[in-house]
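Student: I should like to work through this model by question and answer. Please begin with the terms that the first question requires.

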Amino acid sequence: MRKDNAIPLASLALWGASLAYVWTISGQPRMADGGLSGGEMSLIEMAMTLAVPLATFASMFIAMRRAYWNGSRFWLFACLLLWPLAYVYALLINRTDLH
């Protein structure tokens with residue numbers, strides 16, 4: 001694994017882990033309403049709730065920085081407005097940092 005893509009890959013791994021975890025606890029009584037509130041969450045669940053969006057924003061920042069360095073305004077705004085495109089750009093289109 002290249003170190004240039006470590007943050008986007010880790011962010012995708014966090015997304016996958018959180019989705020798998022929610023799927024595994026979906027049958028529990030505390031998930032009867034389809035979601036967890038603050039009082040129903042454990043400390044680890046609260047940490048995951050914070051880690052996933054922070055990792056997503058970090059991936060968006062990396063993708064937008066790469067687009068800016070390459071002079072691509074289209075990808076810069078696409079990564080800003082549509083966060084899944086940040087993963088596409090960082091992991092498939094522009095896979096290395098220039099600076």
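Tutor: A crossing is left-handed if the near helix is turned anticlockwise from the far one by less than a right angle, and right-handed if clockwise. The model is predicted, so that local features need pLDDT of at least 70 and side-chain atom pairs pLDDT 80 or more, while totals for chains, interfaces and linings use all residues. Residues are numbered from 1 along each chain as its sequence is written, and side-chain values use heavy atoms, with hydrogens and water left out.

Student: Is the crossing of H1 and H2 left-handed or right-handed?

Tutor: Helices are DSSP runs of H or I with at least four residues, strands are runs of E with at least two, and both are numbered from the N terminus. The axes of H1 and H2 lie 9 Å apart and form an angle of about 145° (axes are lines fitted to C-alpha atoms, for helices over the stretch in contact, and angles run from 0 to 180 degrees between N-to-C directions). The crossing of these two helices is left-handed.

Student: How many residues of each class make the contact of H1 with H2?

Tutor: Among the residues in contact (heavy atoms within 4.5 Å) are Ile 7, Pro 8 and Trp 15 of H1, and Glu 45, Ala 55 and Ser 59 of H2. Ala, Val, Leu, Ile, Met, Phe, Trp, Tyr, Cys and Pro count as nonpolar, Asp, Glu, Lys and Arg as charged, and the others, Gly among them, as polar. On that basis the contact has one charged, four polar and twelve nonpolar residues.

Student: Why does Ser 59 count as buried or exposed?

Tutor: Ser 59 lies in H2, which spans residues 43-70. Beyond residues up to four places away in sequence, Ser 59 touches Ile 7, Pro 8, Ser 11, Ala 86 and Tyr 87. Buried means under 20% relative accessible area, exposed over 50%, and partly exposed in between (1.4 Å probe, protein chains only). Ser 59 is therefore buried, because its relative accessible area is 1%.

Student: What is the relative accessibility of Ala 63?

Tutor: Ala 63 is also placed in H2. Leaving aside neighbours within four places in sequence, Ala 63 is in contact with Cys 79, Ala 86, Tyr 89 and Ala 90. Ala 63 counts as buried because its relative accessibility is 0%.

Student: Is Leu 54 buried or exposed?

Tutor: Leu 54 lies in H2, and its C-alpha atom is separated by 8.6 Å from that of Ser 11, 43 residues apart along the chain. With a relative accessibility of 52%, Leu 54 counts as exposed.

Student: Which helix supplies the largest share of the lining of the largest pocket?

Tutor: A 1 Å grid over the protein atoms alone is used: in a cavity a 1.4 Å probe fits but cannot get out, whereas a pocket is an open set of points with protein on both sides within 12 Å along at least five of seven lines, and lining residues have an atom within 4 Å of a point. The largest pocket is lined by 16 residues, with Ser 18, Val 22, Glu 45, Met 48 and Thr 49 nearest its centre. H1 (6-24) and H2 each supply at least two lining residues. The largest share, six residues, comes from H2.

Student: How does Val 22 count by relative accessibility?

Tutor: Val 22 has its place in H1. Because its relative accessibility is 42%, Val 22 counts as partly exposed.
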